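Open the structure in your viewer and keep the selection tool at hand. This tour moves from stop to stop.

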Amino acid sequence: MLGFLSAPKCCRYVEGFFKLRAQTSRRITESCLSEERIRRFISENTEVVVGRSLTPEIKLRLFTPNCRFWRERPELWPFTDPYWAIYWPGGQALSRYILDNPDVCRGRAVLDLGSGCGASSIAAKLCCAAHVVANDIDPVAAVVTKLNCELNNVEPPVCVTDNMIGSDPTDFDLILLGDMFYDEALTDSLHRWLDRCIKTHGTKVLIGDPGRAQFEGHVIRKLLHHLAQFELPESVREENYGLISSNVWSYRCKL
């Protein structure tokens, strides 16, 4: 996948190549560009993808072999790492679960943490959530989320780029986390913060994860109730080391 790559796997691209990519004077910060210029760049360098995921009813702008940066040198990419350009399998399962169970979001205040492309926020919107906040520390992800909402004819969520992990718990009814447990330190931070949110507000937490080692081996797994398993489409399996399924969990700590 992606011309930045030496191997055709999106996980290798994001988890490996990004860490090793060259940093050059050509790289610019998002603050140097207007939102309109970012929108134009993203529109020109992504493709609208429909039907190749667990949620064929949701359209998303993603990287595909038809995109310039599938093959381009990484130092020419002008922003930070585009995690938002991939529809991760945990996020797919989480969004599918929401669409299949609309009452989970209907009338509720929802936080989509690590929102990326905004798919779970869109699913929550489609299921009539009362209020949705999409939180991603990458400002470009906020722009992409708005673009994807326009594709799906839904009002964009409130987009927050501050790191909300560790902040004072806000009164959300539901927190969504798709593919957030990819790092042990981050998993520890999430565990502590989610405990606080649940104990303070009784917040419900839904987690989408395809079985990453940092998630499966963490103590947080003892606090989870399995809700659903989804078989991944063949194209998604090929892009994710052959993972064949992704799961959704409900998280409740001991009060």
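## Stop one: the largest pocket

Begin with the largest pocket, which holds about 920 Å³ of space. Remember as you look that this is a predicted model. Which residues lie nearest the centre of the largest pocket? Select Tyr-83, Asp-136, Asp-179, Met-180 and Tyr-182. They belong to a lining of 41 residues.

Now colour that lining by class. It divides into 19 nonpolar, 12 polar and 10 charged residues. Next, show the elements around it. Helix H1 (10-20), helix H3 (89-100) and helix H5 (139-151) each supply at least two residues of the lining. So much is also true of S3, H4 and S6.

## Stop two: the second largest pocket

Move to the second largest pocket, with about 320 Å³ of space. Here 22 residues form the lining. Select Val-49, Arg-52, Leu-62, Phe-63 and Glu-239, the closest to the centre of this pocket.

Two elements give two or more residues to this lining: strand S2 (60-62) and helix H8 (234-239). Which of the elements provides the largest share? H8 does, with three residues. By class, the lining of the second largest pocket has 14 nonpolar, six polar and two charged residues.

## Stop three: Leu-60

Stay with strand S2 and pick Leu-60, which lies in it. Is Leu-60 buried or exposed? Leu-60 counts as buried because its relative accessible area is 1%, and the cut-off for buried is under 20%.

Show what surrounds Leu-60. Leaving aside neighbours within four places in sequence, its contacts include Glu-47, Val-48 and Val-49. Tyr-87, Cys-117, Ala-119 and Ile-122 are also among them, as are Asn-148 and Leu-151.

Then draw a distance from Leu-60 to Ala-85, C-alpha to C-alpha. The two are 25 residues apart in sequence and 8.9 Å apart in space.

## Stop four: the sheet

Switch to a cartoon view and find the open sheet of seven strands. Follow the order S5-S4-S3-S6-S7-S9-S8; the pairing is mixed. Strand S5 (158-160) and strand S8 (224-231) are the edge strands, each pairing on one side only. On average, neighbouring strands of this sheet are turned by 20 degrees against each other, direction ignored.

Add helix H4 (residues 119-126), which packs on the sheet. H4 touches strand S3 (109-113), strand S4 (131-135) and strand S6 (174-178). The direction of H4 makes about 175 degrees with that of S4.

Now go to S8 and S9. They pair in the antiparallel sense over seven bridges. Strands of a sheet pair through backbone hydrogen bonds.

## Stop five: Ser-250

Select Ser-250 in strand S9 (residues 245-251). What is the bridge partner of His-225 in S9? The partner is Ser-250.

Ser-250 is buried because its relative accessible area is 10%, again against a cut-off of under 20%. Show its contacts, leaving aside neighbours within four places in sequence. Lys-204, Val-205 and Leu-206 are among them. Leu-223, Leu-224, His-225 and Leu-227 also belong to the list.

## Last stop: the whole chain

Zoom out. The chain has eight helices and nine strands. How much of the chain counts as buried? Of its 255 residues, 55% do. Finally, consider contacts between residues at least 6 apart in sequence: 69% of these join residues at least 24 apart.

Terms used
Residues are numbered from 1 along each chain as its sequence is written. This is a predicted model: local features need pLDDT of at least 70, side-chain atom pairs count only at pLDDT 80 or more; totals for chains, interfaces and linings use all residues. Side-chain values use heavy atoms; hydrogens and water are left out. Helices (H or I, at least four residues) and strands (E, at least two) are DSSP runs, numbered from the N terminus. Buried means under 20% relative accessible area, exposed over 50%, partly exposed in between (1.4 Å probe, protein chains only). Contact means heavy atoms within 4.5 Å. Two strands pair if DSSP finds at least two bridges between them. Axes are lines fitted to C-alpha atoms, for helices over the stretch in contact, and angles run from 0 to 180 degrees between N-to-C directions. On a 1 Å grid over the protein atoms alone, a cavity is a set of points where a 1.4 Å probe fits but cannot get out, and a pocket is an open set with protein on both sides within 12 Å along at least five of seven lines; lining residues have an atom within 4 Å of a point. Grid points are joined across faces, edges and corners, and a volume is the space filled by probe spheres set on the points. Ala, Val, Leu, Ile, Met, Phe, Trp, Tyr, Cys and Pro count as nonpolar, Asp, Glu, Lys and Arg as charged, and the others, Gly among them, as polar.
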